[in-house]
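Visitor: Hey, I've got this one open on my screen. Can you walk me through it?

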Amino acid sequence: MTSITFYSHVTSRLNVAVKICAKAMTNKILVSVITKTENEAHNLSNLLWSTPANSFMPNCFGNNPNLEKTPIMIDYDPQRIRKVGILINLTNEIPKFFSTFERLVEIVDGREEVCKPARQRFIFYKNRGYSVDSHSLNQ
């Protein structure tokens, strides 16, 4: 069963996503990130290519022919999300396919338009018997 982790009270959802991707890469775990918009997907991709300053984290979009060779994939289109490893959800929706992943990560900042749907997702997962961990980062 998919394990679910909420990281709340974060300053930057994208920066937390980068940290999770880095840890997953160290452990050789594939990561898929679903974003709300194409612009957010590009912003995260650029951050991954430039962080840390003396290195990078290879990533691509779901329609890239090198997807199978790339440890991190990002997309705003749920149809193109690779369904294995870790899913980082940067949308305000419950990904319909989340249960195909070993782990789901939800990253929540302080904005009400993010917090309110995150609370609903937390309840949804709990009510369906998923193990849900929560960590307040108070960055």
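**A chat about the fold**

Guide: Sure, starting with helix α2: its buried residues are Glu40, Ala41, Leu44, Ser45 and Leu48. Seen down the axis of α2, they fall within an arc of 135 degrees, so they line one face of the helix. Keep in mind that this is a predicted model.

Visitor: What covers those buried residues of α2?

Guide: The cover includes α1 (13-26), β2, β3 (59-61), β4 and β5.

Visitor: And how far apart are the end C-alpha atoms of α2?

Guide: They are 19 Å apart. With 13 residues (38-50) at 1.5 Å a residue, the helix should span 18 Å, which agrees.

Visitor: Let's pick one residue. Which residues is leucine 48 in contact with, leaving aside its neighbours within four places in sequence?

Guide: Leucine 48 touches Val18, Cys21, Phe56, Met57, Asn59, Ile72 and Ile74.

Visitor: OK, core next. How many residues are in the largest nonpolar core?

Guide: That core has 23 residues. Those with the most contacts inside it are Cys21, Val33, Leu44, Leu48, Ile88, Leu90 and Ile107.

Visitor: Which elements give two or more residues to this core?

Guide: They are β1 (3-10), α1, β2, α2, β4, β5 and β6 (103-109). The largest share, seven residues, comes from α1.

Visitor: What lies apart from that core?

Guide: Another core, of 19 residues, lies apart from it, and among its members are Ile4, Ile34, Cys60 and Phe97. As a general point, nonpolar side chains tend to be buried together in soluble globular proteins.

Visitor: Switching to the sheet. What order do the strands have?

Guide: The order is β3-β4-β2-β5-β6-β1-β7, in an open sheet of seven strands with parallel pairing.

Visitor: Which strands stand at the edges?

Guide: β3 and β7 (132-136) do. Each has a single partner strand, so one side of each is left without a neighbour in the sheet. On average, neighbouring strands of this sheet are turned by 20 degrees against each other, direction ignored.

Visitor: What packs on the sheet?

Guide: α1 does, touching β1, β2, β4, β5 and β6. The direction of α1 makes about 175 degrees with that of β5. Helix α3 (residues 112-127) also packs on the sheet, touching β1, β5, β6 and β7. For α3, the direction makes about 150 degrees with that of β6.

Visitor: Zoom in on β2. Why is it said to be largely enclosed?

Guide: Five of the five residues of β2 (residues 31-35) are buried, so the strand is largely enclosed by the rest of the structure. Val31, Val33 and Thr35 are on one side, with Ser32 and Ile34 on the other.

Visitor: How does β2 pair with β4?

Guide: In the parallel sense, over four bridges. Valine 31 stands opposite isoleucine 72 in β4, and valine 33 stands opposite isoleucine 74 in that strand.

Visitor: And with β5, over how many bridges does β2 pair?

Guide: Five, again in the parallel sense. In β5, valine 31 has isoleucine 86 as its bridge partner, while isoleucine 34 stands opposite asparagine 89.

Visitor: Is β5 itself covered or bare, face by face?

Guide: Both faces are covered. Ile86, Ile88 and Leu90 are buried on one side, and Leu87 and Asn89 on the other. β5 also pairs with β6 in the parallel sense over four bridges, where the bridge partner of asparagine 89 is glutamate 106.

Visitor: Last thing, valine 84. Where does it lie?

Guide: In the loop between β4 (72-75) and β5 (86-90).

Visitor: Why does valine 84 count as partly exposed?

Guide: Because its relative accessibility is 34%, and partly exposed falls between the 20% and 50% cut-offs.

Visitor: What is valine 84 in contact with, leaving aside neighbours within four places in sequence?

Guide: Leu30, Ser32 and Phe101. Ser32 is one of the buried residues of β2.

Visitor: How far is valine 84 from asparagine 46 in space?

Guide: They are 23 Å apart, C-alpha to C-alpha, and 38 residues apart in sequence.

Definitions and conventions
Residues are numbered from 1 along each chain as its sequence is written. This is a predicted model: local features need pLDDT of at least 70, side-chain atom pairs count only at pLDDT 80 or more; totals for chains, interfaces and linings use all residues. Side-chain values use heavy atoms; hydrogens and water are left out. Buried means under 20% relative accessible area, exposed over 50%, partly exposed in between (1.4 Å probe, protein chains only). Contact means heavy atoms within 4.5 Å. Two strands pair if DSSP finds at least two bridges between them. The expected span of a helix is 1.5 Å times one less than its number of residues. The arc is that of the directions from the helix axis to the C-beta atoms. A nonpolar core is a set of buried Ala, Val, Leu, Ile, Met, Phe, Trp, Tyr and Cys residues joined through side-chain atoms within 4.5 Å. Axes are lines fitted to C-alpha atoms, for helices over the stretch in contact, and angles run from 0 to 180 degrees between N-to-C directions.
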